[in-house]
Amino acid sequence: MEERSSNKISIDFLNLLRAVRADKKMMALYLVLAAILGLCVAFGTPKEYRTSVMLAPETSSSNSLTSNISSLASMVGMDMKFGESNDAIYPELYPDLIQSTDFIVSLFPVIVETKDGKVETDYYDYLQNHTRKAWYKKPAEWLAALVEKLKSDDDTGGGADGKVDPFRLNKQQFNIAHNIGKSIDCMVDKKTSVITIEVTDQDPLISATMADSVRYRLQDFITEYRTKKARNDLAYMEQLFLEAKEQYVKARQQYAAYSDANQDLLLQSYKSKQDDLENDMQLKYNAYTQIYEQLQLSKAKVQERTPAFTVVQSASVPIKHINKSKLSVMVLFMFFGAVIRLLVLMWKKRREVFIIG
């Protein structure tokens, strides 16, 4: 047992070289078949184009507008803590945000047009009906479609009236969303916080269009998130302002009407009621002016909370595709063909090639 365990297997390269020389015809046949297969794959793979967009989000939480608003708020006795960022979504989470179902589904209705102008439709319909499929992927798709037909489950989903419900996608919608997720890539530089968005598509114009759409929707989502509380506060202050204005106008009209009707009377009871109406009108006016000041501060806070994005690199229609050249694909397949034939030959000539001792 000890002698068997100490045996080592080595390769006799001289015999292997002789076997390869004697197998020239089969090796050449393998190389030719591999080259043909490589060319078929290269010509059968649709061209893809990639568009990159770079933007830098606002990083400074304190600026002149913040300090001016805070000073104005302190003058009217309000504690407005501007510039204190408590965001739950920071740049490192943007890639996960873009890959979320809600975000991807929002890209379905984007109107796109091919570079040649032959197709103009929404992005969902374009991916479903106007994209090419590689021939070597079609057998797997046919098999998957056959399996789906054999299923007895009723795969309904989506919303009513043709609307897409991100909470319940059907099989087709899920596949489209999955393909969109694979075609979008988002990277964040941790040192500079620069966000790079890349979109890959078979049409260069659609690739650029979708890259710009993803950038716009990301900015819109972040803006809506960061200003949501400020906009809710603004809506509440606008409601209070309208109510205070209505009450003040009503009190002023009552005071004016009473004064006009009793301007010639000298009774103290009438003067007391007139003073009460005047005091009530003044109170309503003070409340009205204070709420007006708070309304202006709320509008300023919405502006302060709106993030600023600097577009470092805007979307541009790519000229060259990102596919590997047909020659490199052919050479790669020829290399694998040679390796496969060499392994087969080594197995056939194992007694001559491998030395045990």
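Start by selecting strand E2 (residues 49-57) and strand E6 (residues 195-201): they pair in the antiparallel sense over seven bridges. (Strands pair here if DSSP finds at least two bridges between them; helices, H or I with at least four residues, and strands, E with at least two, are DSSP runs numbered from the N terminus.) Keep in mind that this is a predicted model, where local features need pLDDT of at least 70, side-chain atom pairs count only at pLDDT 80 or more, and totals for chains, interfaces and linings use all residues. Residues are numbered from 1 along each chain as its sequence is written, and side-chain values use heavy atoms, with hydrogens and water left out.

Now show some residues on those strands. Threonine 51 has valine 199 in E6 as its bridge partner, and leucine 55 stands opposite isoleucine 195, also in E6.

Next, add strand E7 (residues 309-313). E2 pairs with E7 in the antiparallel sense over four bridges, and alanine 56 has threonine 310 in E7 as its bridge partner.

Zoom out to the whole sheet. It is an open sheet of four strands in the order E5-E6-E2-E7, with antiparallel pairing. Strand E5 (184-188) and E7 are the edge strands, each pairing on one side only. From one strand to the next, the twist averages 25°.

Select methionine 187, which is found in strand E5. Is it buried or exposed? Neither: at 37% relative accessibility, methionine 187 counts as partly exposed (buried means under 20% relative accessible area, exposed over 50%, partly exposed in between, with a 1.4 Å probe and protein chains only). Add glutamate 92 to the view: methionine 187 and glutamate 92 are 95 residues apart in sequence, yet 8.4 Å apart in space, C-alpha to C-alpha.

Move on to serine 193, in the loop between E5 and E6. Its phi is near 65°, a positive value in a residue other than glycine. Most residues other than glycine have a negative phi. At 18% relative accessibility, serine 193 counts as buried.

Time for the rings. The structure holds seven aromatic pairs. The rings of tyrosine 123 and tyrosine 126 have centres 6.3 Å apart and planes at 15°, so this pair is stacked. (Rings of Phe, Tyr and Trp, the last by its six-membered ring, pair if their centres lie within 6.5 Å; planes under 30 degrees apart count as stacked, over 60 as edge-to-face and the rest as tilted.) Both tyrosine 123 and tyrosine 126 are buried. They are three residues apart in helix H7 (residues 123-129), which means about one helical turn separates them.

Then pick phenylalanine 335 and phenylalanine 336. Their ring centres are 5.7 Å apart with planes at 65°, so the pair is edge-to-face. Phenylalanine 336, at 46% relative accessibility, counts as partly exposed.

For a bigger selection, take Phe241, Tyr248, Tyr285, Tyr288 and Tyr292, which ring pairs link into a cluster.

Last stop: helix H2 (residues 13-22) and helix H12 (residues 326-348). Their axes come within 11 Å and cross at roughly 115° (axes are lines fitted to C-alpha atoms, for helices over the stretch in contact, and angles run from 0 to 180 degrees between N-to-C directions). H2 and H12 are therefore roughly perpendicular to each other (under 35 degrees counts as roughly parallel, over 145 as roughly antiparallel, 65 to 115 as roughly perpendicular and the rest as oblique).
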